[in-house]
Amino acid sequence: MIPDLEILSPGSVNEVVELLSKNKPGTKLLAGGTDIIPGFQIDSNRFLDIDCLIDLARVNEMKSISESDDEITIGAACSFDDISSNKIIIDNFPLLSEAANAIGSPQIRNRATNAGNFINNAPCADSVPPLLVYDALIEKISIEGKQRTSLEETLLVPYQTTVKPNEIVTKIIIPKKIKNYYGTFYKLGRRRGVAISRITLAILLLVEDDKIKDMKIASGAVTPIGMRLRELEESCIGKSPGKELFMEVSKNLGKKILDVTGLRWSSHYKVKVVQQMLYQLLEKLYMEFKEPEIEK
Amino acid sequence: MKSNISFTLNGKKVTIICNPGTRLLDLLRDTLEFTGTKEGCSIGECGACTVIFNGKAANSCLILAGQVNNSEIITVEGLAENGGLSKLQKMFLEKGAVQCGFCTPGALMSAYALLLENENPTEEEIKKTLSGNLCRCTGYKQMIDAVKSSAPL
């Protein structure tokens with residue numbers, strides 16, 4: 001059940017920082033509310049002891065998306081609907097707009113925010129794998145000042161991040177250094193709409209002179225949190241792309257996932273599927289690279 | 001701890017005193033007796049409680065009273081025109097898009113939110129719009145036909 005709550009509605013980041021600086025236990029930031037409110041409803045032990053919510057709906061400075069020469073800044077309180085329909089994001093970071101478009105239902109996407117997604121840090125947070133392959137940074141603010149860190153370092157274990165109770169994430173910053181990369185995002189759920197992900201993969205591939213110059217792979221749902229698979233990436237760099245390499249890296253992905261999660265009831269299914277997924281996605285990306293005009 | 005909450009409901013100013021942690025869904029149904037909005041899953045999955053919140057379709061089970069100050073809310077009761085059904089509602093009946101009727105208010109609100117933004121949506125856009133409204137009896141074809149025949153509003 002929903003506890004007795006005080007709900008505060010500050011109008012600026014400064015006011016939020018001020019409220020957070022009081023370090024009052026039981027205070028939590030409320031963005032879209034699509035995790036906290038159903039969490040209350042099912043008496044989730046993650047949201048016990050909350051008696052005060054700071055609603056970010058009126059903090060308009062956290063709702064814009066802007067572009068400079070070398071990076072794009074997404075306000076932390078942008079909804080997934082804002083992100084999936086934004087032309088700057090569609091043009092520069094299509095994997096993020098695809099992931100945003102695959103989350104929950106239209107009603108959820110109208111409310112849920114990007115920062116809320118990774119601060120909640122559920123294993124199945126769909127926006128995380130794309131943000132990780134894009135090397136996204138976050139900016140957080142507390143009474144002590146501003147700080148920029150990589151998203152990857154921020155995510156600790158399921159439902160925990162390094163963001164402290166007196167800090168607020170205000171921006172997501174994505175560097176625009178991925179020209180010429182081919183990318184893809186794939187989400188597997190139990191159905192196509194309103195589905196919690198079972199497996200997600202985001203991949204960026206850069207091929208030059210028929211060698212893999214760079215590769216970035218991140219997984220979600222099939223690993224405890226969204227994570228970059230750096231060993232796999234490194235094992236491909238400098239090698240010639242093709243069936244043999246893709247087969248090998250896909251097999252290694254299965255091993256890696258078993259290493260991280262241990263053997264689970266779903267492993268027999270998921271490992272085979274995720275291996276096949278990676279193989280097909282890499283083949284698709286390589287085809288697009290070889291014959292880009294067919295893709296268009 | 002109760003507080004004063006003011007918002008616009010179906011074009012009329014409303015002020016009530018309630019606990020800020022009350023769900024908008026309960027505020028509508030129990031406090032204001034607007035029972036057209038239905039409660040299904042209570043965790044934001046089924047869409048039966050969909051209302052239009054500041055112009056966008058949203059699940060009223062996922063919004064708290066403390067968040068609705070100064071907002072504009074439209075519920076299924078707000079669709080009525082001159083004391084009768086609106087074109088969209090009439091089309092739902094005509095095309096056979098209502099069976100048990102429990103998901104209907106939510107589906108109507110999602111469709112209405114779409115038609116407010118987009119005069120002539122494509123079939124794909126209608127399907128996507130209704131994807132957050134689970135219906136287990138009529139199915140979707142009739143609803144899609146109804147929305148298509150209602151455009152433009």
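A residue is counted as buried if 20 or more other C-beta atoms lie within 10 Å of its own, with C-beta atoms placed from the backbone. By this criterion, in what is a predicted model, buried residues constitute 46% of the 153 residues of chain B.

The secondary structure of chain B comprises five helices and five strands, and these elements follow one another from the N terminus in the order β-β-α-β-β-β-α-α-α-α. Chain B therefore begins with two strands, which are followed by a helix and three further strands, and ends with four helices in succession. Along its principal axes, the C-alpha trace of chain B extends over about 45 × 30 × 25 Å. The radius of gyration of chain B is 15 Å, in agreement with the value near 15 Å that a compact globule of 153 residues would have. Among the contacts in chain B with a separation of 6 or more, 59% are made between residues 24 or more positions apart.

Between the two chains, 23 residues of chain A are in contact with 26 residues of chain B. On the side of chain A that touches chain B, the elements that contribute two or more residues are β1 (6–8), α2 (36–41) and α6 (106–111) of chain A, and the largest share, five residues, is supplied by α6(A). Classified by residue type, this side of chain A consists of eleven nonpolar, eight polar and four charged residues.

Definitions and conventions:
Residues numbered from 1 in each chain as written. Chains lettered and ligands numbered in written order. Predicted model: local features only at pLDDT ≥ 70, side-chain atom pairs only at ≥ 80, totals over all residues. Rg over C-alpha atoms; globule rule 2.2 N^0.38 Å. Buried ≥ 20, exposed ≤ 12 C-beta atoms within 10 Å, placed from the backbone. Contact = placed C-beta atoms within 7 Å. Nonpolar A, V, L, I, M, F, W, Y, C, P; charged D, E, K, R; others polar.
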